[in-house]
Amino acid sequence: MSNPGDILLRAQDLKKSFSVPRTLQDALQRRPRRLLRALSGVSFDVRRGETLGIVGESGCGKSTLARCLVRLHEPDSGSLTFEGEDVLALSGPERRTYNRRVQMIFQDPYSSLNPRLTVRQCLAEALSVHRIVPASEINARADRLLDLVHLPHEAANRYPHEFSGGQRQRIGIARALAVEPEIIIADEPVSALDVSVQAQIVNLLLELQNELGLALIFITHDLRLVHHIAHRIAVMYLGGIMEIGPTEEIFASARHPYSRALLAAMPRLVPGRRSGAVAVQGELPSPLFPPTGCPFHPRCPMAQAVCRQDVPGLDLRGGLWPAACHFAGSIEEPTPLPRPRARTPKGV
Amino acid sequence: MMVSVEPLLRVNDMHVSFETGHGSVRAVDGLDLEVRAGEVLGLVGESGSGKSVTLRSITRILQPNARVKGQVFWRGEDLLRMSETRLRAVRGAEIAMIFQEPMTALNPVLPISLQIDEALVAHTTLGRAARRKRAIELLGLVGIPAAAERLDSYPHEFSGGMRQRAMIAIALAADPALLLADEPTTALDVTIQDQILKLLLRLVDDLGMAMILVTHDLGVVAETCSQVAVMYAGRIAEAGPVEAIFYHPRHAYTHALLNSMPDSSAARVALKPIPGQPPRLDRPIQGCPFVPRCTWATPPCESRPPIVTVGPGHVSACTAAHRLPSRIVPA
């Protein structure tokens, strides 16, 4: 058993592409199948007991990454090690053990639970597949799992449709916890829930992490949430990590122009703060036709010729945490946040 | 920003219910609302609070099983009692609407040019060439680059953000005085959301429009709206200027909702969720609908609290209005 803070999971240069079905036009012009580049070489570590937040906009590859980590997708290349052991080479019982120790919870608790199983059957299935407890103890263990996620024991005999969204997400978490994992990968676990219910689930995750010493990979597009929950964050854009480092520091002075744009675009809970200036122009490029060089260069206000040609690696570049920007080392001060929009205060 | 005194739109004691196989569901339950020229009113609430239904009731585009009661005065005329012909002249021309999902709101088999043209034919007297010129102008206005070349594109050739811009262009075709925006940026990424919200704010200022922005995102409200109405279970909990609502909430629900949000000053501590669930709307609610989840509730809350003025332009339906502490919002 390793200690808290030890590296548990390490991904190195993970790549994943999907081939896209040819359109009729492509077929007629005898063009080859197109490749959608979902991950273009992703490297990071996860330490025991920590929360790593992965943030990014749609199409940045964050969900593909989650699925590669549990081998729901097989990466095309790169390596993935768990406690130093090569995960991608595992098969049979070892692979099953890995998949027990690294569990996933999904965004939509409506579709990730089997509607024809009661909560007890659902938990019992996980417990017996991985032979966590003898059959005679399954019921008692199911009750304990429900305690852990603050659901009443009566819930065990009901079906998923009888619960609200927040309660269903609790069931999803109980199911993941049933097999005593060491890492939980949560892919947008609260995005489908209302704000007041989100807080309940976030608290549950924080509490479980403290009690059970779990590592948590928290994937979200909600910057406010990730700021609250993560020790470190990785900012992804178009299949790559742009910057990875301690949450507070990145929120205070991000090193990559994309992280800064993302943070400037985040709506804050401060009235009248919005300036007229747009955080970043342009749209996300299609992963089918990624730009050459730095993936952010077509939208970047400081792009130079080198950015159009060379892909910047995720390196320290003289800073305290790595950033994939040719100019990360030469940026002194972060651009200030947009100034508040002038508006006469009323009724205060 | 000039704000005139006489409201452009005034909703008076509106009730909306839907007849379903399992009885009647009350989506909106006695709602009052006012929008003045030049104002951006945020209508905020969680799912099922009735914010979208309110918006759709104003222009009468609800499903046939909806029953709408009350009055909606638009420049002195009641939209709910207006003839279908007259309503058609108002809808789209004076009051325009944009939706959350532009892919379903736009017609996928018609080019954008034709969809803007439809609005121009219906609401202006321009000739064919002038309409095409105006359409290009509109696409330019909403920030679509190379508007003349993009005009004949189909919706599927546009990205999500571009589609939303195209929908805004269609809505602006007849120079409306009020824009109803139903979660216009919910389906968009945060950098694109930022672009669209700033575009909408610029248009509101430049064209002198008023806007009702329906959203569940309090951050969007804080940064975009001048006025806010907070909805809960089909009723207005409180309404007033955005600064007043965020710094001095006068309804226990608003107070609890704002306090449940993660704030940057205290990372990784437990949040303060609102316990329980919103009430079911298929049963009558006697008192304040928030009572079962409220930590400030007292016996008077068991009968429906009236909406009272609690500050300049600030109203609330909460008996605890003056007991709630002010909030400190990190700058």
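A trainee and a mentor talk through a predicted model.

Trainee: Which helix of chain B gives the most to the largest nonpolar core?
Mentor: The largest nonpolar core has 101 residues. Those with the most contacts inside it include Leu178(B) and Val230(B). With eight residues, the element that gives the most to this core is helix H7 of chain B, residues 160-172.

Trainee: How many residues does the other core have?
Mentor: Another core lies apart from the largest one. Among its residues are Leu204(A), Phe218(A), Ile219(A) and Leu262(A). Its count is 98 residues.

Trainee: Which element gives the largest share of the side of chain B that touches chain A?
Mentor: The contact takes 40 residues from chain A and 47 residues from chain B. On the side of chain B, helices H8, H9 and H10 and strand S10 each give two or more residues. The largest share is eight residues, and it comes from H8(B).

Trainee: How many residues on that side of chain B are nonpolar?
Mentor: Set the other classes out first. Ten residues are charged and 16 are polar. The nonpolar residues number 21.

Trainee: Which strands are the edges of the open sheet in chain B?
Mentor: The sheet has four strands, in the order S2-S1-S4-S5, with antiparallel pairing. S1(B) and S2(B) pair over ten bridges. An edge strand pairs on one side only, and here the edges are S2(B) and S5(B).

Trainee: At about what angle to S2(B) does helix H1 of chain B run?
Mentor: Helix H1 covers residues 51-58. It lies across S1, S2 and S4 of chain B. Relative to S2(B), helix H1 runs at about 70°.

Definitions and conventions
Residues are numbered from 1 along each chain as its sequence is written. Chains are lettered from A and ligands numbered from 1 in the order in which they are written. This is a predicted model: local features need pLDDT of at least 70, side-chain atom pairs count only at pLDDT 80 or more; totals for chains, interfaces and linings use all residues. A nonpolar core is a set of buried Ala, Val, Leu, Ile, Met, Phe, Trp, Tyr and Cys residues joined through C-beta atoms within 7 Å. A residue is buried if 20 or more other C-beta atoms lie within 10 Å of its own, exposed if 12 or fewer, and partly exposed in between; C-beta atoms are placed from the backbone. Two residues are in contact if their C-beta atoms, placed from the backbone, lie within 7 Å. Ala, Val, Leu, Ile, Met, Phe, Trp, Tyr, Cys and Pro count as nonpolar, Asp, Glu, Lys and Arg as charged, and the others, Gly among them, as polar. Two strands pair if DSSP finds at least two bridges between them. Axes are lines fitted to C-alpha atoms, for helices over the stretch in contact, and angles run from 0 to 180 degrees between N-to-C directions.
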